[in-house]
Amino acid sequence: MVEKQYGVSLKQYNTFGIDVRCECLCGFSSVDDLRALHAEGLFGSQWGVISGGSNILFTGDYHGTLLHPRGDRITETSREGDRVRLHVEAGVVWNDFVDYCVARSLWGAENLAYIPGYVGASPVQNIGAYGAEAADIIESVEVFGTDTGARVVMAREHCAFGYRMSVFKTLLRGKAVITAVNFTLSAVPDPRLGYGDLRDAVESMGGPTLANIRNAVTAIRKAKLPEPAELGNAGSFFKNPVVEEALAQELKKEYPDMPLYPSGQEGRAKLAAGWLIDRCGWKGRSLGPAAVHDRQALVLVNLGGAAGRDILDLAAAVSRDVEERFGVALESEVNVL
Ligand code: EPU
């Protein structure tokens, strides 16, 4: 059922807690709802999607319609050998999906526990943490094409997944609404403990069971990342920059303790933006009502009453310093609207 509300404050709908309004907030639960909206001509006007609002920064009122997915069913659609397939509607809270998998002894989502947001947003920036990413378990993504009004099931190979990247951020931006995601999970144990902090925490809990991994990830995230209900934020504000190998090696020579990761791209390496920002002395510093979190420099927070502009001003000041000191450009991970 389509549910429209007009002139709504979005403060409760974005984890930065920015107080802006949108002309129309429109809940939808099915592809039929989207077909009805298509017939009304909605997709010819200004529109967007807001689900958990955990990766979005509003810099002003939204002059248009924001679609909000409400479908929240999880259905097991097949079981072949060790592989279990789940159909998950876009409005399911991501962490509820992780808990559902852990409760049914299904492996694959546990390293991604406690990431904020909804399932429908997970393919867009290919959410990731602790050596895993959503693309590892996504089999296909169901979308409603807003030009054609057709429902399309996109196999993962066609989603162009990369580090915090997918076709939904590029070619299909503004052309598709994600209605559900099909995941393939493993019914046999498949622990991924390559990330040292996680391995140690899991060992201290008694070994790599699904619940231990989920609980360890949750504990690490809670220790490092601020709770949006207490301190508005959108998780990592910046992506970890991927730079030329030559620049990475030059920096490594000058700063031997600088973390350096493989990028998956020939001749390029990934740096830790949090470390770069920390080294510029920004950790815990504020600029007006916006601040760099004191436990994780990659996270920008709203100290209370910040406007989107305040967060952007801080992001610009931080980026300027990192560029001047290290010659590295930072790129926002958060969607700025
Ligand atoms: N570091 C610092 N100072 C800081 C923060 C980090 O020196 O203030 C150093 C750390 O000591 C470490 C390195 O930078 O050596 C990397 O830090 P960390 O392991 O905390 O991870 P990250 O690169 O900062 C990424 C993701 C997180 C994800 C974690 C864990 C991005 C942009 N962020 O952060 O994702 O939870 O790895 O896997 O890739 C998110 O996207 O919202 C998010 C929180």
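Tyr130, Tyr163, Arg164, Tyr195 and Asp278 come nearest to the ligand, out of 24 residues around it. The model is predicted. The protein covers 81% of the 820 Å² of accessible area that the ligand has on its own. Helix H6 (273-279) contributes to the largest nonpolar core, and H6 also gives the most residues to the ligand shell.

**Ligand shell**
- By class, the shell holds 12 nonpolar, six polar and six charged residues.
- Strand E8 (128-129), helix H4 (210-224), strand E13 (232-236) and H6 each supply at least two shell residues.
- H6 supplies three.

**Polar contacts to ligand oxygen atoms**
- Ser236 places a backbone N or O atom 2.9 Å from an oxygen atom of the ligand.
- Asn240 has a polar side-chain atom 2.9 Å from a ligand oxygen.
- For Lys283, a polar side-chain atom lies 3.1 Å from a ligand oxygen.

**Nonpolar cores**
- The largest nonpolar core has 47 residues, and Phe238 and Ile277 touch the most other members.
- Elements giving two or more residues to this core include strand E2 (21-28), strand E5 (62-69), helix H5 (245-254) and helix H7 (308-326).
- H7 gives the most to this core, with eight residues.
- Apart from this core lies another, of 45 residues, including Val84, Phe97, Ala132 and Val143.

**Around Ile277**
- Which residues does Ile277 contact, leaving aside neighbours within four places in sequence? They are Phe238, Trp282, Lys283, Val292, Ala297, Leu298, Val318, Val322 and Leu330.
- One of these contacts, Lys283, also has the polar side-chain atom 3.1 Å from a ligand oxygen.

Methods
Residues are numbered from 1 along each chain as its sequence is written. This is a predicted model: local features need pLDDT of at least 70, side-chain atom pairs count only at pLDDT 80 or more; totals for chains, interfaces and linings use all residues. Side-chain values use heavy atoms; hydrogens and water are left out. A nonpolar core is a set of buried Ala, Val, Leu, Ile, Met, Phe, Trp, Tyr and Cys residues joined through side-chain atoms within 4.5 Å. Buried means under 20% relative accessible area, exposed over 50%, partly exposed in between (1.4 Å probe, protein chains only). Helices (H or I, at least four residues) and strands (E, at least two) are DSSP runs, numbered from the N terminus. Contact means heavy atoms within 4.5 Å. A residue is near a molecule or strand if one of its heavy atoms lies within 4 Å of it. A polar contact is a pair of N or O atoms within 3.5 Å; within protein, one must be able to donate a hydrogen and the other to accept it, and residues adjacent in sequence count only if both atoms are side-chain atoms. Accessible areas come from the Shrake-Rupley method with a 1.4 Å probe; for residues, only the protein chains shown count as cover. Ala, Val, Leu, Ile, Met, Phe, Trp, Tyr, Cys and Pro count as nonpolar, Asp, Glu, Lys and Arg as charged, and the others, Gly among them, as polar.
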